[in-house]
Amino acid sequence: AIERSLKSKLESLMQHLFGSNLQMRWSDTYFPFTHPSYELEIYWDDKWLEVLGSGVMRQHILETGGEAGKAGYAFGLGLERLAMILYSIPDIRLFWSRDKRFIDQFLSLEENSPLTYKPFSLHPPAIRDMSFWISDKFVLNDFHEIVRDEGDEWIENVELVDEYQSPEDNRRSLCFRITYRCMERTLLGKEIQELHNRITERL
């Protein structure tokens, strides 16, 4: 009965995380504090993955804890490994990162909401500011379209950082901060400046 309860609860947990149609299989294994002991595998992304170990607690451990004559089970699961599977995170070291580009992807995550990790570059950024006067016909979306058209693969972020209105003629000026970064390598200053100039020429 204790083994059935153990397996039933852990299978329910996996189905809650990965879906009710999840394929699972148990295999016998050895752990020093449980007997019998089991590992649970799930079929995910066309392969079997081990997700947890478990077993019925040995009686002498319960006796040592003052619970002689009782039965219990124990299990251990790697939370990082489960998150890697759920969100397609490729490297466990990212969980110790303080990089906001990683952390911010999960800050607004709601229960059962789909999310796939979006890779980001580990190479250093290059930041350039761009200021220009605008007319009444200026459309912000047009500016962003120009930026994407010229450097979509190398531009990580575009942010409006300042706005100025002349007290003499009421003309407005906007200052944007553009973050350049490549996924594969460190960008050269010459490359960045050439791209920055092309954007400027189209405004």
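**Salt bridges across the fold**

At 57% relative accessibility, Asp45 counts as exposed (buried is under 20% relative accessible area, exposed is over 50%, and partly exposed is in between, with a 1.4 Å probe and protein chains only). The model is predicted, so local features need pLDDT of at least 70 and side-chain atom pairs count only at pLDDT 80 or more, while totals for chains, interfaces and linings use all residues. Residues are numbered from 1 along each chain as its sequence is written, and side-chain values use heavy atoms, with hydrogens and water left out.

Asp45 pairs up with Lys47 in a salt bridge, with 3.6 Å between the closest N and O atoms (a salt bridge is a side-chain nitrogen of Lys or Arg within 4 Å of a carboxyl oxygen of Asp or Glu). Lys47 itself is partly exposed, at 41% relative accessible area. The structure holds 13 salt bridges.

Moving on to the strands, Arg177 and Asp129 meet through their side chains at 2.7 Å, N to O, in another salt bridge. Arg177 sits in strand 7 (residues 172-180) and Asp129 in strand 5 (residues 126-134), so this pair ties together parts 48 residues apart in sequence (helices are DSSP runs of H or I with at least four residues, strands are runs of E with at least two, and both are numbered from the N terminus). Both partners are partly exposed, Arg177 at 32% and Asp129 at 38%.

As for the helices, Glu150 and Arg198 form a salt bridge at 3.0 Å, N to O. Here helix 5 (residues 140-151) supplies Glu150 and helix 6 (residues 189-202) supplies Arg198, so parts 48 residues apart in sequence are tied together. Glu150 is partly exposed at 22%, as is Arg198 at 36%. Glu150 and Arg198 also belong to a salt-bridge network with Asp149 and Arg202.
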